[in-house]
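The following note sets out some points for a colleague's consideration. Please read them alongside the coordinates.

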Amino acid sequence: LEFRRVLFRSDEMTTDGVSAEVLYPTHLLSVFGMDDARCQEACFRAYNDWLAEYISVHPERLVGIGAISVYDIDQAVKELERCKKMGMKGSIIWQAPHPDLPFSSTHYDKFWAASQDLAMPVSLHILTGHGYHKDPNFGKVRTVENYRTSVNIKILEIANAVFDILFTGVLERFPRLKFLSVENEIGWIPFYLQQWDYYYRRFVKVNPLPIKREPSTYFMNQIGSTFFRDEAGGHAMEWWGEDCCMWSNDYPHQNSTWPNSRRFIERNIGHLPEARQRKLLCDNAAKLFSLDVQRLKKAA
């Protein structure tokens, strides 16, 4: 059954001109907001077992990202190591942490260290954890607030997560650790980085931080970001982001650009030089997840 599913997916990828896909959960996203830590761990182990079997059918084209519960960090490290042994290329944790476990705390340090040592990038995906989407009425009641959460609150969640990671020295302490912002788009990022850098320079002497460089420097070296319906972000990449951003198509969700991704790519980044487009469409993701582009060409 998994073999047939993977063959179907491979056909869909070919239709969209995609050589390889990095796979993230769908229904499992809500489980990141679960309050029962042990139940969450069990759910994620079951998902990771299934995902390992799924990607094994076509390992050249399917990139597995293991789901990790980070309530218990020792357990999280063990599951991360298990995912690595099963052939996965990274992890996904909650984007909106439990209020008692902010990214500004040292709670995660063992996991950051393991992710760095194993070369497993950490993904922060929209709609994961203890954020606005945890409201029991989320997606059920249609009001003006649906629009506010879809844009304003969504961006605030990832901005706050990245802020904590940057300003509290996570990337200073773990210089080989990589993060990836997933499905949060990118147009907001250069403005935030500009402002963070400005206030860092303005106040760091009177309000010292555990970082030695401007926040944007850490971001550009260690945090990647995906985009798929972001024309404003595409134009910003005329001067920013060519080495840290990467395209996605969000297949098979309702918001996906499949099977017309080429049209959206042309709209968003078609004005950029070909070499820069190649980075955004291929090279940056291949580098982040240690993919062999030549093998991908043959497999596709």
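Helices are DSSP runs of H or I with at least four residues, numbered from the N terminus. The model is predicted, and the points below should be read accordingly.

1. Helix H2 covers residues 37-56 and contains asparagine 48. Asparagine 48 counts as buried because its relative accessibility is 0%, the cut-off being under 20%. A polar atom of the asparagine 48 side chain lies 2.9 Å from the backbone nitrogen of alanine 67. Asparagine 48 also touches Glu79, Arg82 and Cys83, among other residues more than four places away in sequence.

2. The axes of H2 and helix H3 (residues 73-85) cross at roughly 5 degrees and come within 11 Å. The two helices are therefore roughly parallel. On the H2 side, Glu41, Phe44, Arg45, Asn48 and Asp49 take part in the contact, meeting Gln75, Glu79, Arg82 and Cys83 of H3.

3. Helix H11 (residues 274-288) has 15 residues, so at 1.5 Å a residue it should span 21 Å; its end C-alpha atoms are 20 Å apart, in agreement. H11 nevertheless has a kink of about 50 degrees, centred on leucine 280.

4. Leu280 is among the buried residues of H11, which also include Arg276, Gln277 and Asn284. The cover over the buried residues of H11 includes strands E5 (179-182), E6 (223-227) and E7 (245-247), together with helices H10 (261-269) and H12 (293-299).

5. Serine 290 follows H11 and has a positive phi, near 55 degrees.

Notes: Residues numbered from 1 in each chain as written. Predicted model: local features only at pLDDT ≥ 70, side-chain atom pairs only at ≥ 80, totals over all residues. Heavy atoms only, no water. Expected span 1.5 Å × (residues − 1). Bend = angle between axes of the 7 residues up to and from the residue. Buried < 20%, exposed > 50% of the residue type's maximum accessible area, 1.4 Å probe, protein only. Contact = heavy atoms within 4.5 Å. Polar contact = N/O pair within 3.5 Å; in protein donor to acceptor, adjacent residues only side chain to side chain. Axes fitted to C-alpha atoms, helices over the stretch in contact; angles between N-to-C directions. Parallel < 35°, antiparallel > 145°, perpendicular 65-115°, else oblique.
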